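Me: I would like a close look at one part of this chain, the helices that pack around the main nonpolar core. Please take me through them in a connected way.

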Amino acid sequence: MSHATSAPSRNGNAYIVMQGVDKTFHTPAGDFVALKGIDTGFHESEFVSVVGKSGCGKSTLVNMLTGIDRPSAGEVLVSGVNIHRLGESAMARWRGQHMGIVFQFYQLLPALSILENILLPMDLSGVIPLGERHDRAMRLLKMVGLEAQADDMPMAVSGGQQQSAAIARALSNDPPIILADEPTGNLDSRAAETVFEVFEDLAEQGKTIIMVTHDDTLAARANRIIRLADGEIVSDTYQQARKQDHVQTQVA
């Protein structure tokens with residue numbers, strides 16, 4: 001059985017560092033403080049679950065890491081780069097090379113086949129040589145169990161398969177960081193399990209996985225859990241590896 005332990009400060013040598021990050025949204029109804037003084041770091045090969053009630057700031061935290069939202073105060077450093085000092089075009093290029101993003105509602109392009117959806121990020125970024133892109137896309141689809149569906153359109157496959165395709169797309173340019181915002185929120189338990197196992201494998205391969213989830217059972221299988229409430233980190237715990245325990249339970 002795994003035991004949670006209090007998380008030490010890990011900002012010093014962290015791959016991703018959030019320092020004093022605040023975020024306030026100005027709305028017609030008044031100011032809404034989404035994040036307050038976030039100080040934390042993420043290391044390579046970590047699988048981190050970010051949990052908390054609706055409206056606690058989980059998605060805003062992830063959006064700070066992707067550059068989709070900019071902090072009202074504080075900074076986000078990734079491998080020493082202050083990402084929010086980049087211009088929009090530089091940010092887009094940087095994101096394409098360093099981050100894969102998986103959304104709750106898949107966001108596959110419906111007019112493109114599954115394979116074409118995987119190829120598109122490679123075509124846009126130019127990171128992967130042209131002659132290698134098709135083979136790489138097929139390897140990624142095989143990894144998530146979708147090789148046979150490569151030529152299918154997104155609406156012709158199940159929700160779980162669409163989310164698996166979205167994970168393959170996020171890996172197109174071999175980014176070191178995978179950010180997932182409620183990736184299992186619209187899936188049944190079997191499909192959610194498949195998606196989660198892919199994330200576990202990716203973390204073992206050295207990817208940094210940061211996943212927002214409302215599912216405490218799945219979150220407990222990550223090796224670190226950050227819990228937010230009212231825009232603040234209220235707990236940050238590390239756990240022993242859970243994957244082997246889960247596999248043994250399944251076999252038994």
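Reply: What follows goes from the chain as a whole to the core, then to two helix pairs and a few loop residues.

This is a predicted model, in which local features need pLDDT of at least 70 and side-chain atom pairs count only at pLDDT 80 or more, while totals for chains, interfaces and linings use all residues. Residues are numbered from 1 along each chain as its sequence is written, and side-chain values use heavy atoms, with hydrogens and water left out.

The chain's secondary structure comes to eight helices and 11 strands; helices (H or I, at least four residues) and strands (E, at least two) are DSSP runs numbered from the N terminus. Of its 252 residues, 49% count as buried, where buried means under 20% relative accessible area, exposed over 50%, and partly exposed in between (1.4 Å probe, protein chains only). Among contacts (heavy atoms within 4.5 Å) between residues at least 6 apart in sequence, 69% join residues at least 24 apart.

The largest nonpolar core has 39 residues, and those touching the most other members are Phe47, Val102, Leu141, Ile167 and Phe199. Such a core is a set of buried Ala, Val, Leu, Ile, Met, Phe, Trp, Tyr and Cys residues joined through side-chain atoms within 4.5 Å. At least two residues of this core come from each of helix 3 (114–125), helix 4 (133–143), helix 5 (159–170), strand 8 (177–181), helix 6 (189–204) and strand 9 (208–212). Helix 6 gives the most, eight residues. Another core, of 26 residues, lies apart from it and includes Phe42, Met64, Met91 and Leu179.

Now helix 4. Its buried residues are Arg133, Arg136, Ala137, Met138, Leu140 and Leu141, and their cover includes helix 3 and helix 5. Beyond its neighbours within four places in sequence, Leu141 is in contact with Ile114, Leu115, Ile118, Leu146, Glu147, Ala150 and Ala168. After helix 4 comes Gly145, with a positive phi near 75°.

The axes of helix 3 and helix 4 come within 9 Å and cross at roughly 125°; axes are lines fitted to C-alpha atoms, for helices over the stretch in contact, and angles run from 0 to 180 degrees between N-to-C directions. Helix 3 is therefore oblique to helix 4, since angles under 35 degrees count as roughly parallel, over 145 as roughly antiparallel, 65 to 115 as roughly perpendicular and the rest as oblique. In this contact, residues including Ile118 and Met122 of helix 3 meet residues including Arg136 and Leu140 of helix 4. By class, the contact has nine nonpolar, one polar and three charged residues; Ala, Val, Leu, Ile, Met, Phe, Trp, Tyr, Cys and Pro count as nonpolar, Asp, Glu, Lys and Arg as charged, and the others, Gly among them, as polar.

For helix 5 and helix 6, the axes come within 9 Å and cross at roughly 15°, so the two are roughly parallel to each other. Gly160, Gln163, Ser164 and Ile167 in helix 5 meet Ala191, Val195, Val198, Phe199 and Leu202 in helix 6. These residues divide into six nonpolar, three polar and no charged.

Two loop residues complete the account. Ser79, in the loop between strand 5 (73–78) and strand 6 (81–82), has a positive phi of about 50° although it is not a glycine. Ser79 is exposed, with a relative accessible area of 52%. Asp230, in the loop between strand 10 (224–229) and strand 11 (232–238), has a positive phi near 50°. Asp230 is exposed, with a relative accessible area of 60%.
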